[in-house]
Amino acid sequence: MLRRIRTKGQALVEFALAATLIFFLLAAAVDIGLIMFTLQGLHNAAQEGASYGSRWLIFDGGARVYNKNAIIDRIRGEAGTKGGIGFINLYDLDDNGVDDRTEHGYTEPNITIEMLADPSTDGDPTVNVSTGAAENVNCPDNSSSIYVCYIRVTVQTNHKMIFPLAPAFGRTVPLKSSYIMPIRDSVSK
């Protein structure tokens, strides 16, 4: 009888040790899943902004340029009128509880829009084939450029970790997604 009581206690201790490990692994898997969903939301927002910006250019002093305010509105509104799908709030990218439209307006620090040229005409405006180096050449005016121009939209945020051991690795994880698309006017040249 004494042996039977001892084995019950042993099973309880083994279960406690195994359950703790399983709980931590489950929490880490949930956090990684949330990071993936957040990255997908950022990617969709960047793609929507680049797609809109590549098509709807405006005239500014005779030059055709992208409409920054309209692109930012498209990025923020990509996930619906409430600004998010539960994993990321595109109206509060800095995650401080204040709507970015009232806090930053159209000077959103977490959204970057650039117009790039491709001098090597290899289809990648971020690398110059002749030098092999990463090089960004700005395309200031799409209408007079001799190069094919691209628009690059970058959206970034910080993901707050829920994993119990996250303070050892960092409370937040910076997430960023970029999307590059050719300006449709410059492709037809």
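Buried here means under 20% relative accessible area, and in this predicted model both E108 and R76 fall in that class.

**View 1. The buried pair E108 and R76 meets in a salt bridge****.** Let's begin with these two side chains, whose N to O distance is 3.1 Å. E108 sits in the loop between α3 (100-103) and β3 (111-117), while R76 belongs to helix α2, so the contact ties together parts that are 32 residues apart in sequence. Across the whole structure, a search finds five salt bridges, and two further examples follow in the next views.

**View 2. E48 and R74 form a salt bridge between two helices****.** Here the closest N and O atoms are 2.6 Å apart. The pair links distant parts of the chain, with E48 in helix α1 and R74 in helix α2 (residues 68-76), 26 residues apart. Both partners have some access to the surface: E48 counts as partly exposed at 25% relative accessibility, and R74 is also partly exposed, at 37%.

**View 3. K160 reaches D95 in another salt bridge****.** In this close-up, 3.8 Å separates the closest N and O atoms. K160 lies in strand β5 (residues 149-160) and D95 in the loop between α2 and α3, which places the partners 65 residues apart. At 48% relative accessibility K160 counts as partly exposed, and so does D95 at 36%.

**View 4. F23 and F24 make a tilted aromatic pair****.** If you enjoy ring geometry, pause here: the count of aromatic pairs comes to one. The ring centres of F23 and F24 are 5.7 Å apart, with 50° between the planes. The pair counts as tilted because planes under 30 degrees apart would be stacked and those over 60 edge-to-face. F23 is partly exposed, with a relative accessibility of 48%; F24 is partly exposed too, at 26%.

**View 5. R101 lies over the face of Y91****.** This view turns to a charge and a ring. R101 is placed at 3.8 Å from the ring centre of Y91.

**View 6. L26, V30 and I162 form a nonpolar patch on the surface****.** We finish on the outside of the model. Together these three residues offer about 280 Å² of accessible area. One of them, L26, is found in helix α1 (residues 2-55). L26 has a relative accessible area of 53%, and it counts as exposed because the cut-off for that class is over 50%.

How values were computed:
Residues numbered from 1 in each chain as written. Predicted model: local features only at pLDDT ≥ 70, side-chain atom pairs only at ≥ 80, totals over all residues. Heavy atoms only, no water. Patch = residues over 30% accessible without salt bridge, like charges linked within 9 Å, V, L, I, M, F, W, Y side chains within 5 Å. Areas by Shrake-Rupley, 256 points an atom, 1.4 Å probe, with all protein chains shown as cover. Salt bridge = Lys/Arg side-chain N within 4 Å of Asp/Glu carboxyl O. Helix = DSSP H or I, 4+ residues; strand = E, 2+ residues; numbered from the N terminus. Buried < 20%, exposed > 50% of the residue type's maximum accessible area, 1.4 Å probe, protein only. Phe/Tyr/Trp six-rings, centres within 6.5 Å; stacked < 30°, edge-to-face > 60°. Lys NZ or Arg CZ within 6 Å of the ring centre and 35° of its normal.
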